[in-house]
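Let's walk through this one together, starting at the surface and ending among the aromatic rings. Have the viewer open as you read.

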Amino acid sequence: MAKILPDGLADLCPSGTSYPLLANSNFELEGFPSSVGPFHAFLAERDASEVPALCYPTPAGSVSGAIVPLYCKEVQSPPTGTLQPAEHVPGTKSNNRESRGNIGSKEPSGEEQDQNRDSRRIKAHPALKTLPPFPLLDRLSLTDDRLDGYACLSTASVPEQAPSLLFTEEDEILTYGAYTLQPQPWGRGGYRRVYHVYHTDHLDTALTIYTHPFRGKQYIFKFHVENHLHYTGEGLTLLIGFLDAVGATGETLTHWEIQTTHPAYLAIPEYILTHSLKRKGGRQWGLTIGDGDKMEGMRVGQYDSPRSFNMYRNGKDLERRNRQYIADRAVADGVAVPGQSKQLVRLELHIRGKEFKRLEVTDSTGTLRPVTVRALLDPAVRLAVFRTQIEAAFTFRKKVGKDDYATATFFNWDAIERHYLDLHSHTNRDSQKSPIIACRRPVKTRMASSTFAAKQTVKLLKQDGGANSYLRVHLMTELRREILYGLTSPERLSRFSETLSANGCDVDAKVVSALVTDALTDAGDKLATDLGNLLPKTLMQLIAEEYNLQEYATRVQNTNTALYTP
């Protein structure tokens, strides 16, 4: 085999001699370890004309420290100064296929295994013992987003008390204090009856309950809290009030979702991808890459598993889904500014019933206590559960030594806790009677379905507010008829005219009645015209204010928006 000399040493040795091989990234040694440092790094520290002899491990029988002539073969490698990755990095091209959609890893439980056999023999450089710093998140908009569960009804029928749901007629409207149960003409999900629950202080549905199952225990019923109430902080309070009103016991959750919102969340998967981090334990997770290799989010765990996380962009869909109140909540919590809704990113924690029953929190005495539905009235419990689940299952790291790992940190929990508890004016934390006094800035919310109906009404009023529109023409006609009837009623005018004549007026009562009728008729016509022009616009403004659609109503007034579009 020919002897090949590196270009950097071509002028140092005479031709036709055996040359000591200096390690170079462009050469693959035969018979010697590949852990020798690169030649270009070696020359960076010393002048090429003063390169000393290198002491390599010598074959048997050779003198230690002697320069051994070696043969090598030339191999293809990256340009000098570049690093060749030891494993495929998600988001790059591999095997002529471009990574798209969900990418990640699904490895056996336990510690991650290196993909490159040679990398296990290379000791990490001390500079690689830590990861580059990540800009820690110091505040979050954290609320419940779903509370689904079941409870047990009383099987005893007490006449002097409110009737149990078990002993009521199928189409009967029920009232329990401030709650009214409206039966629906259909069942769902294995239950014979479905009720929409209304509260006296709310126009929209507060809860939906499912009773009388086809199978199983008849006294068990399911409940679901409407989504918009979680962002006002009233969802859990309304649920517990309803459970107390109907005398339900043994409540638990089958699907609890905690959502957090922040515009900088996508920096986390970007950081994971950039530094090739792995999830602790090698369990299932994945990054979501969109068109143009744009980072869209990530998922940790399967959706139907006892515990999972999901991160995705949700800002662009909030208005289309009529859930702008989610962006309003983020602004009120100080993690976003008005007009930033399209940049919001959401991180959800899904906890199923099996995991919920295992949750525990530590109280002020250091005692572990189970997490219950009523314990969630204390916002500190919700934050503690979220932090515990993040630290247990949302941990990413990189191997930097034989048994050493560098773990990435994404959250500043001390700052997050201070900000979160300040939002809730958390006082008297150890008291069971009054755990909190909420002063969180209120957010006005309505159900997504009713908000959609309000949008259609706003568009309709805009279209029917034209000069020759059906609404205005018929509205003016009806207004004129009602106004003139009220103002020029013969009974009222006759009493008025007779009173004037009886009190010394020389004008005949019939003449007074005719004069007043003419004057009121002219005034009535003008009043009907003014009201007809003003009423559509006024109704539009009132509806927009009730549903927090002022910006939407302004946009509708300034554009020709088609009807029946979201």
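Begin on the outside, where Leu 535, Leu 539 and Leu 542 make a nonpolar surface patch of about 240 Å². To place one of these residues, look along helix 11, which spans residues 509-546 and contains Leu 542. Is Leu 542 buried or exposed? Its relative accessibility is 51%, and because exposed means over 50%, Leu 542 counts as exposed.

Before moving inward, a word on confidence. This is a predicted model, and its chain has an average pLDDT of 74, with 69% of the residues scoring at least 70. Residues 12-127 have a pLDDT below 50, and the model gives this stretch 142 contacts beyond near neighbours in sequence. Residues 427-439 also stay under 50 in pLDDT; here the model has 24 contacts beyond four places in sequence.

Now for the rings. How many aromatic pairs does the structure hold? There are 14 aromatic pairs. One of them joins Phe 394 and Phe 396: the ring centres lie 5.5 Å apart and the planes meet at 80 degrees, so this pair is edge-to-face. Both Phe 394 and Phe 396 are buried. For another geometry, turn to Phe 411 and Trp 413, whose ring centres are 5.0 Å apart with planes at 25 degrees, so the pair is stacked. Phe 411 and Trp 413 are both buried as well.

Finally, return to Phe 394 and Phe 396, which belong to one aromatic cluster together with Phe 134, Tyr 271, Trp 285, Phe 309 and Phe 410.

Notes:
Residues are numbered from 1 along each chain as its sequence is written. This is a predicted model: local features need pLDDT of at least 70, side-chain atom pairs count only at pLDDT 80 or more; totals for chains, interfaces and linings use all residues. Side-chain values use heavy atoms; hydrogens and water are left out. Patches are made of residues with over 30% relative accessible area and no salt bridge: like charges are joined within 9 Å, nonpolar side chains (Val, Leu, Ile, Met, Phe, Trp, Tyr) within 5 Å. Accessible areas come from the Shrake-Rupley method with a 1.4 Å probe; for residues, only the protein chains shown count as cover. A salt bridge is a side-chain nitrogen of Lys or Arg within 4 Å of a carboxyl oxygen of Asp or Glu. Helices (H or I, at least four residues) and strands (E, at least two) are DSSP runs, numbered from the N terminus. Buried means under 20% relative accessible area, exposed over 50%, partly exposed in between (1.4 Å probe, protein chains only). pLDDT is the predictor's confidence in each residue, from 0 to 100. Contact means heavy atoms within 4.5 Å. Rings of Phe, Tyr and Trp (its six-membered ring) pair if their centres lie within 6.5 Å; planes under 30 degrees apart count as stacked, over 60 as edge-to-face and the rest as tilted.
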